[in-house]
Number of protein chains: 2
Amino acid sequence: MPEPGAAANPSASPPPLDERNLDVLRQVGRHWRPVGAGPSALPVEPGLRLDARGVGRGRFGGFRVVPPTNGRPPQVEAPEAMATGGAWPRVRRIVLGPPLRSTAIASERLRKLIALPVLSADALSSVAYGPEALLAVLVLAGSDGLALSLPLAAAIVLLMITIGLSYRQTIRAYPNGGGSYIVASDNLGRVSGLAAAGGLMTDYVLTVAVSVAAGGAAVTSALPALAPAAVPIGLAVIAVLLFGNLRGVRQAGAAFAAPTYGFIVAIGLLVIVGLWHAAHNGFHAAAPSATAPVEPLGLLLVLRAFASGATAMTGIEAISNATPVFQRPAWRNARTTLSWMVAILVLLYAGTLMLAHLEGIVPRPGQTLLSQLAHASFGNGPLYAFTQAATAAILLLAANTAFSDCPRVLYLLARDLHAPRTFLRLGDRLAFNNGIVLVAASAAVILVAFGANTSALIPLYAVGVFLAFTLSQTGMVVHWWRRRGPHWRKSIAINAAGAAASAIVFAIATVTKFSEGAWLALVVVATVVVAGLRVRRYYLRVARAVALRPVASTGARALPAPEDAEAEEVPDAVRHLLVVPVASIDLASVRALAYAASLGQPVLAVHIAPTQEEAERLGHYWRAWGDHLPLEVVVSPYRAVVAPLIHYVEALHRQRPDLTVTVIVPELRVAHWWHRPLHSRTATRLRRALTPLPKIVVTTIPFHLAPAKGHRPTSRARDAGAGQVRSAATG
Amino acid sequence: MPEPGAAANPSASPPPLDERNLDVLRQVGRHWRPVGAGPSALPVEPGLRLDARGVGRGRFGGFRVVPPTNGRPPQVEAPEAMATGGAWPRVRRIVLGPPLRSTAIASERLRKLIALPVLSADALSSVAYGPEALLAVLVLAGSDGLALSLPLAAAIVLLMITIGLSYRQTIRAYPNGGGSYIVASDNLGRVSGLAAAGGLMTDYVLTVAVSVAAGGAAVTSALPALAPAAVPIGLAVIAVLLFGNLRGVRQAGAAFAAPTYGFIVAIGLLVIVGLWHAAHNGFHAAAPSATAPVEPLGLLLVLRAFASGATAMTGIEAISNATPVFQRPAWRNARTTLSWMVAILVLLYAGTLMLAHLEGIVPRPGQTLLSQLAHASFGNGPLYAFTQAATAAILLLAANTAFSDCPRVLYLLARDLHAPRTFLRLGDRLAFNNGIVLVAASAAVILVAFGANTSALIPLYAVGVFLAFTLSQTGMVVHWWRRRGPHWRKSIAINAAGAAASAIVFAIATVTKFSEGAWLALVVVATVVVAGLRVRRYYLRVARAVALRPVASTGARALPAPEDAEAEEVPDAVRHLLVVPVASIDLASVRALAYAASLGQPVLAVHIAPTQEEAERLGHYWRAWGDHLPLEVVVSPYRAVVAPLIHYVEALHRQRPDLTVTVIVPELRVAHWWHRPLHSRTATRLRRALTPLPKIVVTTIPFHLAPAKGHRPTSRARDAGAGQVRSAATG
């Protein structure tokens, strides 16, 4: 359960520039004349250090100055309490808690006794549904099928040990955390890495859905009255997990260790008591109840049962992902913990299936297999209740693990440009909010679509997991082959065995469960691969587009090519024309004109008049005002305003493509949203229509209308205003 | 009915400034220094007259130059084909036709023979539901009630004549069109005017709903199989009327005269044939069928019947609204036409009720009264079909009339600042699009809510109509009293009689139908009054806010008061600070910096860094680039970007409230909307958060990302870009 600190960069900031890029930067800089002199002397103190007590104290708390230390200049620091208004930040603060500083990222290292329960919840909790999934298929073939449960269990145990051994290799090779995505992309390339990530993400989302569904089943087995509310209860649990994770719950600690140990104790006891009972019977297997076969016992059925049972192995990779959270020597402690986890998993898994066999218990609706076994071992007493509660608790913990692991995979994808950058961002509470929300939403959709039914979800499950395992173990084979360090042959052998075993399970799961839902997992994986590649290509294209262009060493910069119109970077090369659309001569537009004129660049005012007469009238006012700036009136006999303005600006641009045309738009800002329908939205429409054009800059001069003060206008002021009333068409 | 040309101003442009406002303008202008000199010489030819063939020819057609005539300078004119892109303008052009020039507003004057059918469709079509509405109430009291049908008909005929005479006065007094809103506000004040307008608007919307429902009933009486589809058919008819009116159908002409004359002929024949039959029976009234009383015959029932029957008078005011469309002498022709209309209305109305009485026909479900009468007179032959078709046609025409009248009332309200300015605007086809859409939407909602049931709609109807009549006629009384010209006593007497009669019907309708729906009409009227007054107050407040401030004659302008921070209007008084938020040093931000630096004003770059380290790294790059502009780095340990930037800008503003701070935001513009999730929307969020602040101007420097060209990046370009990839956080 990797703490985010393990690898996440809280700043999501760009990696350092290399020397070549720095050189381009220097070249570009040499072509700028010094611009700090003359009128450009700053009229403000940018460090906000004017106020001795608090720096730049304002409505939302003041900025703080970080005092200068070892050569660093003093820096301004933004306070915690900053928000941009509205009720939402307050609500969020109450629900999620106050924001945390980036430095609060915990890098606590875990003892094995804590790491084991926290990291193995996902894997061990599979015992709650894995054996049942195996038997649920076998029982279709009646008692002949059920007779195969122990051999199949033995095969799966072998698989667990093989893959466990294989992951021990990964821990050694990737002491900084070797998730399937990292190992696969490192050794097999982007496509494999993306496929592994896609498999992992379906795995995580399904872990949430399956764990929540199975946890619900554990509860409804004990309290059947709750059964009809399974879906709403599941959604509520997902919501709680969502908010808990957005709050950034700590994942390590006694509270998180308890459910796992509780579950181990409960199932351990259950198996021991059950075997004790069985010993009294001389280990005679009871005949399974209700075993009329509905399908013939064929190879396909056996393989399907195997694939279903193998879902008990999900989460086995968690420790290898999280190696760096262990106390030092991390890799050695992680390996030991992994061995312990696999051992416990094998015991619980095999014990459960053994007991089911001995007691002749088969899956039946309304009551989980574990619940039936617990009834058989413990009756209806407190030990039964404890078993069900511990099962629900460890499943909840497993779901919670997926909630933090999936956003981490998204973070890694985003870091490698394969996913939207938004997944890089750490929220106020240092959690990957966007990834967490995505997991919650996907799991909720799946839970609803499959009616919180564990057995309907199982077929989707194995495919993603074993695809990720296969790619990761194959990656390890390549890893050892490339290095060929000490013992490389042995390492290759172990990982090759793991890869082969995983690949076989993947193939079996895909073939036998294709129409039951495995196709959906494959579609998701394919989507992740294709989208990941395209997203990366897009980001690289953007990066090329915004990268500074190297300057030829001869010095003189040519005019930019037409298709590269936005490439100029030197102030001297910028030629301005300021265009002010004037709807009427009022305070808002005169302010815009004053703003434009004060910049000391050529200004052109443009008026769109619906008729010749109106055009002449405005010209008359313009002269009365003093004709301070050139005015062009465009008559628009079709009454359109925005379109002619845009095309006029475009026509100016065609005249002089070298000019940077700044359109300075006065915009009335209303005090209340319900005033908006009372104004035409010319400024907004103008801005929206102008932004796609090259070398055209839009400046908005807001004119703020104050909220009503409750006094009635004096008749004099009313008259003064009335003449210009309908002319405020800019807002 | 009123062609828009009658009073609508196509430009919706402000009224001319008065001398005092012009004087303020001159005062303000005197404080501007000449700013056209020096660098401000325009680098473009604003008249776009560089190209001899077409002016400023571009993608969307070129601008045209209107040649100079009698002293006027040449002017640029926008062509028809301008649109701002997207598929919508093309679709609209196909559906609604090409835009029309403002000069295409028809001011055609109508002959009486054309004006009569066009303007009386609304009134005459009421014969299709008015008599039935009367009988439908009376029949509740059984044959005793039905016995009162002729006396009540006589009372309503008297009412028609009284109000008809009353409106003859209005025509004389308001030869330019005297709608209820104009007459009431002229003579009784704003509140009465708004109440009349509210009444009229409910009337128009209900005319559409009732006419469409009654037209549907006329059709389903003949073709009962269509009855279940009444609501969808009604909605389809409203949609056709909507698009027809948005296209700006001409309302005058033979095509519009035919339905009315057809209806007059059909109902006239029906009555004559019916009376002929009756004459054969010696005018013995047949006993009405199925007349078991369900309510006692009381005063309330009689009054209710009267109010329902009076709905036949809706539309009687149409001619007085539209006086200016008549051939000269307009008022005399209009009066003659009004008299003709009232005479025809009286004959058809009284004839219909007389015939129903003689033939013992009472309303029954599934078949309108007119349909029953037509069956009785014509059997099932082509004359019956003609009657039903003519009825449906005139009802459609009546609905169409309301479609053009209601937007006109909204236009008049908006002209007087009582309604949003958007209702002033003439669409591409010279129709008041926004009002038309509002009518269609309201009528559709009502039609669905009342299930296209005419009798359920009638109770809502009379209230609005007679409120408008009452206010209009009362206004006429005041009008004559104020003038006291020749014959003023007689005029007052006639209008007072009209007003009294209308007021009585209004009171009766309100009291007897209150719970059946009249309350809804009253709520709408009250809403129109309150909203109208508030909208006007708001517009006046806006007008005061944007009105130029008179300058004291002493000359020197004081610094604006703090609460009037946005009042300065003189370029010399504007002191600039340009702030450029820099996320990283890439082409987009260097362009923004170059833009800022090229304006020759003080520039401050601001960077929000998530960590100290990142802050130092950017400082290092800044120095590598040449440290051309002052840079302030704000460390944001809580990882927020937008909030610290905004508060930093605010802090600068607090330091120097006299500065105009322009925030120059580089913004990546994506080529396709589906690329948007791949960028953080910092620029948009920044702009949105900054605009509410005073004296802060936001400039957006768009950086356009080209769509993919389908070629794969070369490895060199890829490397050059990769280092800066995640730094393009501005887009």
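## Phe243(A) and the surface patch

In this predicted model, Phe243(A) is partly exposed, with a relative accessible area of 41%. The residue belongs to helix α9 of chain A, which spans residues 230–246.

Phe243(A) is one of the members of a nonpolar patch on the surface, together with Trp88(A), Val91(A), Ile94(A) and Val95(A). Their accessible area adds up to about 530 Å². A patch residue must have over 30% relative accessible area, and Phe243(A), at 41%, is therefore past that cut-off. The most residues in the patch, four, come from helix α2 of chain A, residues 88–96.

## Leu348(A) in helix α13

Helix α13 of chain A covers residues 330–359 and contains Leu348(A). This leucine has a relative accessible area of 5%. Buried means under 20%, so Leu348(A) counts as buried.

With neighbours within four places in sequence left aside, the contacts of Leu348(A) are Val127(A), Phe263(A), Ile264(A), Ile267(A) and Gly268(A). For Ile267(A), the separation from Leu348(A) is 81 residues in sequence, while the C-alpha to C-alpha distance is 6.7 Å.

## Nonpolar cores

The largest nonpolar core has 145 residues. The members that touch the most others in this core are Leu159(A), Ile238(A), Ile316(A), Phe403(A), Leu413(A) and Phe466(A). For Leu413(A), again without neighbours within four places in sequence, the contacts are Tyr181(A), Leu194(A), Ala197(A), Met201(A), His418(A) and Ala419(A).

A second core, separate from this one, has 144 residues, including Leu138(B), Phe256(B), Leu353(B) and Leu426(B).

Conventions:
Residues are numbered from 1 along each chain as its sequence is written. Chains are lettered from A and ligands numbered from 1 in the order in which they are written. This is a predicted model: local features need pLDDT of at least 70, side-chain atom pairs count only at pLDDT 80 or more; totals for chains, interfaces and linings use all residues. Side-chain values use heavy atoms; hydrogens and water are left out. Patches are made of residues with over 30% relative accessible area and no salt bridge: like charges are joined within 9 Å, nonpolar side chains (Val, Leu, Ile, Met, Phe, Trp, Tyr) within 5 Å. Accessible areas come from the Shrake-Rupley method with a 1.4 Å probe; for residues, only the protein chains shown count as cover. A salt bridge is a side-chain nitrogen of Lys or Arg within 4 Å of a carboxyl oxygen of Asp or Glu. Helices (H or I, at least four residues) and strands (E, at least two) are DSSP runs, numbered from the N terminus. Buried means under 20% relative accessible area, exposed over 50%, partly exposed in between (1.4 Å probe, protein chains only). A nonpolar core is a set of buried Ala, Val, Leu, Ile, Met, Phe, Trp, Tyr and Cys residues joined through side-chain atoms within 4.5 Å. Contact means heavy atoms within 4.5 Å.
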